[in-house]
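Let's take a friendly walk through the helices of this model and see how they fit together. The sequence and structure come next.

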Amino acid sequence: ARGDERPMLAPHGPALSAHLRVVRLRLREFLATQAAAGKSVPMQRTALGLHPTMRWTIRFGKWLATTRITAPRASRWHATERGDAREEEPTVRTGRGENTVYVALQHMKNHVWREIWPAMPSDARQYWRLVTKQVMSLYDGGGGGMKDAAGAAGRAAGREAARERASHGQSEAAQRAASERASAEASRRTMAELREATTKPCTRQHLFQVGEYQMQDTQLMEPFDS
């Protein structure tokens, strides 16, 4: 039992174990990128010990949603027929799908975080509610989290551009104009990157198949129309 007299995690089967291994692998990848940047895991203290802060867990969740170390299988598809619509290279997202990330968050909450950091409370509902809300807001069709992230990137770029112009002794009007341009560009770029990372992929092959189905439906209806 834990220090709060609650039992440790319940046993689970091979299917769940496979899912948990994937989440742990993604966590190791994220920790490797953080270590390469000279960053560590910020911890918060509880009566039972230490566990990661909510802000850090949100950062990992957003990284999980928007980043892939290994390219998805769809990027390796190749059409076998030359000259048809399916020869088009598929458009694949650079991140992960909404359902995949949501399930990963549930595994983090119910298993992985408590396995790695036993001090993580088993009933940290507020912690995980806010983590889930912040991460999943990236999938709100360009609203919520996407706009917040784009706005934050734009403000940071605007401040940097204004400081650079000021360091060269330029006027306040020039600083303001440079800040507005840099802010707008950074916001657009961040929004585009987030859409590319999280939007469901759509390929010309899918559109080709839709056309095939429509033609089949039309042909099947012909005997009944005569």
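What follows looks at one helix, then the nonpolar core, then a pair of helices.

Please keep in mind that this is a predicted model. Helix α1 covers residues 14–36, and its 23 residues reach 33 Å from the first C-alpha to the last, close to the 33 Å expected. Its buried residues are Ser 17, Leu 20, Val 23, Arg 26, Leu 27, Glu 29, Phe 30 and Gln 34. In an α-helix there are 3.6 residues a turn, so residues three or four places apart point the same way. The buried residues of α1 pack against α2 (54–66) and α3 (98–116). Just after α1 comes Gly 38, with a positive phi of about 75 degrees.

Turning to the interior, the largest nonpolar core has 26 residues, and Trp 113 and Trp 128 have the most contacts inside it. At least two residues of this core come from each of α1, α2, α3 and α4 (125–136). Leaving aside neighbours within four places in sequence, Trp 113 is in contact with residues including Leu 27, Pro 52, Trp 56, Phe 60 and Trp 128.

Here is how α3 and α4 meet:

| Feature of α3 and α4 | Value |
|---|---|
| Packing angle | about 160 degrees |
| Distance between axes | 11 Å |
| Crossing | right-handed |

Angles over 145 degrees count as roughly antiparallel, and α3 and α4 are therefore roughly antiparallel to each other. Among the α3 residues in this contact are Val 101, Leu 105, Met 108 and Trp 113, while the α4 side includes Tyr 127, Trp 128, Val 131 and Val 135.

Terms used
Residues are numbered from 1 along each chain as its sequence is written. This is a predicted model: local features need pLDDT of at least 70, side-chain atom pairs count only at pLDDT 80 or more; totals for chains, interfaces and linings use all residues. Side-chain values use heavy atoms; hydrogens and water are left out. Helices (H or I, at least four residues) and strands (E, at least two) are DSSP runs, numbered from the N terminus. The expected span of a helix is 1.5 Å times one less than its number of residues. Buried means under 20% relative accessible area, exposed over 50%, partly exposed in between (1.4 Å probe, protein chains only). Contact means heavy atoms within 4.5 Å. A nonpolar core is a set of buried Ala, Val, Leu, Ile, Met, Phe, Trp, Tyr and Cys residues joined through side-chain atoms within 4.5 Å. Axes are lines fitted to C-alpha atoms, for helices over the stretch in contact, and angles run from 0 to 180 degrees between N-to-C directions. Angles under 35 degrees count as roughly parallel, over 145 as roughly antiparallel, 65 to 115 as roughly perpendicular and the rest as oblique. A crossing is left-handed if the near helix is turned anticlockwise from the far one by less than a right angle, and right-handed if clockwise.
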